[in-house]
Amino acid sequence: MSTRLKVGLIGLGAIGAGMHVKYLDDLPSVELTGVCDQVKEKADQIAEQYRTTAFYDYKELYEKADLDVVILAVPHYDHPKLAVEAFKRGIHVLCEKPIAVHLNDARMMTEAYEEARKQYPKLQFGLMFQERTLPFYRKVKEIVASGQLGRLTRATWIHTAWFRSQIYYDSGDWRATWAGEGGGILTNQCPHTLDMYQWLFGLPARIAGHAHIGKYHNIEVEDEVTAYFEHENGMIGHLVATTAEIPGTNRLEIIGEYGKLVLEEGEITLHKNPESMLKYSQETTHRFSQMTAEKSIVPYDKDAPAGHQVVAEAFFHRIQNGDSHELIAEGWEGERSLVLANGIMLSSFQDRTIQVPIDADAYEAKLKELASQSTYVKDVSAAAAANEDLSKSFGSL
Ligand SMILES: NC(=O)c1ccc[n+]([C@@H]2O[C@H](COP(=O)([O-])OP(=O)(O)OC[C@H]3O[C@@H](n4cnc5c(N)ncnc54)[C@H](O)[C@@H]3O)[C@@H](O)[C@H]2O)c1
């Protein structure tokens, strides 16, 4: 297919208007056929600025704009409904993270996608996990996948570089509420980290989570989380995350029998053991002395293209060239970060270690109970007026 793809964009807020519409306007392979926001002024203003048609209702966009593709950039609870309606019409979906708020909704989306593929065999479903494209994460993935660390024993990720102020939380009435957002740092900021954890190490078999609700902000969801993961092969994992640290940290330590890989502040350090630590531990005749690891800084291409546009271009390329062309993140993969996010919260609510597969029904029921009790109301008027550089919100080193 060499004709331009007809793309629609739903949700013209921070990420829709601040990011997606801009690169769509620059890409020669696509035509922005329509933009949609339930706030009429936003849709009218963006449609005028980008010379396209404004819609105020997603179904109208689907029915009238003759779309090939839709990009969903609305709050998370609406991702399933908008995606399923698109699949039914044979419209390809590139969905913002997280795929959904809870696992049952994510499963429903992937099932609806598989069902629609029977009628539209070329239909595509991708997710906006643009942090997978960041060069330092790609390099870490390459090293882990190469197996050069041998059997992995521990991965510890301290990711606290997600600072959010109270005015951030107040900038949307849906934000940081059980009814409107469905979660806090695990649902909004950390889906990238959780996705990357499972992308690098797979899913654990057991999860123990400790989440603190509104500890540092006036919000009704979690803003500080510590989690412990146990994998079937014995590897353990840790995640420490909060939106309340300055300066924040993004440090990932991966330990294997052949050494240690550390990513911090964009620098990757490899400590390589001369032989297997597990073997050495069993065979050495010394009680305390250790073998010496060789330390090196791992080079990588810091200027390699990365970000939302790279994910979108890969998605468009797949549509135009077929299933053998890789996506950055497939739709079904979104379930996996939800296993972690929902699993940590379920463990925290139940105050016990939980098994994977997690009890998705129990988590959905708990979420519904919390949402039904949600009484939180905020004044978004002042906060909504704040206009800041959106790139400051993305994952940083
Ligand atoms: N990939 C990333 O790094 C990244 C960054 C920011 C946000 N996001 C995700 O993008 C989504 C949107 O976040 P945001 O920060 O832009 O939110 P936002 O509140 O700034 O914007 C959402 C927009 O969607 C509109 N909207 C809501 N429901 C709608 C519906 N049913 N139909 C049409 N319009 C609707 C709202 O009026 C608003 O303009 C969220 O899922 C968020 O997690 C991803």
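**Close-up views of a two-domain predicted model**

**View 1. The ligand shell draws at least three residues from each of domain 1 (5-130 + 306-330) and domain 2 (132-304 + 336-393).** Please keep in mind that this is a predicted model. The shell counts 26 residues around the ligand, and those that come nearest are Gly11, Gly13, Ala14, Ile15 and Glu96. Helix H1 (residues 14-26) gives the most to this shell, with three residues. By character, the shell residues divide into twelve nonpolar, nine polar and five charged.

**View 2. Domain 1 and domain 2 meet in a contact that takes 23 residues from domain 1 and 25 residues from domain 2.** The domain assignment of the protein chain builds each domain from two stretches: 5-130 + 306-330 for domain 1, and 132-304 + 336-393 for domain 2. Taken over C-alpha atoms, the centres of domain 1 and domain 2 are separated by 27 Å. On the side of domain 1 that touches domain 2, H1, H5 and helix H10 (308-321) each supply at least two residues. The residues of that side of domain 1 divide into 16 nonpolar, six polar and one charged.

**View 3. Helix H5 (residues 103-119) packs with helix H11 (residues 334-350).** Here the axes of H5 and H11 are 9 Å apart and make an angle of about 170 degrees. With angles over 145 degrees counted as roughly antiparallel, H5 is therefore roughly antiparallel to H11. Look for Leu103, Ala106, Arg107 and Thr110 in H5, which meet Gly334, Glu335, Leu338, Val339 and Asn342 in H11. The residues of this contact divide into four nonpolar, three polar and two charged.

**View 4. Six strands form an open sheet with parallel pairing, in the order S3-S2-S1-S4-S5-S6.** Strand S3 (53-55) and strand S6 (125-128) stand at the edges with a single partner strand each, so one side of each has no neighbour in the sheet. Direction ignored, neighbouring strands of this sheet are turned by 25 degrees against each other on average. Within the sheet, strand S4 (residues 69-72) runs parallel to strand S5 (residues 92-96), and four bridges join S4 to S5. A handy landmark is Ile71, which stands opposite Leu94 in S5. H1 lies across strand S1 (5-10), strand S2 (30-36), S4 and S5, and runs at about 170 degrees to S1.

**View 5. Nine strands form an open sheet with mixed pairing.** To trace this sheet from one edge to the other, follow the order S14-S13-S12-S11-S7-S10-S9-S8-S15. The edge strands are strand S14 (294-297) and strand S15 (354-355), each pairing on one side only. Strand S9 (residues 222-230) pairs with strand S10 (residues 236-242) in the antiparallel sense, over seven bridges. Glu230 is a good place to start, as this residue stands opposite Ile236 in S10.

**View 6. Helices H6 and H8 pack on the nine-stranded sheet.** Helix H6 (residues 135-146) touches strand S11 (250-256), strand S12 (259-264) and strand S13 (267-272). The direction of H6 makes about 170 degrees with that of S12. Helix H8 (residues 191-201) touches strand S7 (152-159) and S10. For H8, the direction makes about 165 degrees with that of S7.

How values were computed. Residues numbered from 1 in each chain as written. Predicted model: local features only at pLDDT ≥ 70, side-chain atom pairs only at ≥ 80, totals over all residues. Axes fitted to C-alpha atoms, helices over the stretch in contact; angles between N-to-C directions. Parallel < 35°, antiparallel > 145°, perpendicular 65-115°, else oblique. Contact = placed C-beta atoms within 7 Å. Nonpolar A, V, L, I, M, F, W, Y, C, P; charged D, E, K, R; others polar. Near = placed C-beta within 6 Å. Domains from an automatic or database assignment. Pairing = 2+ DSSP bridges.
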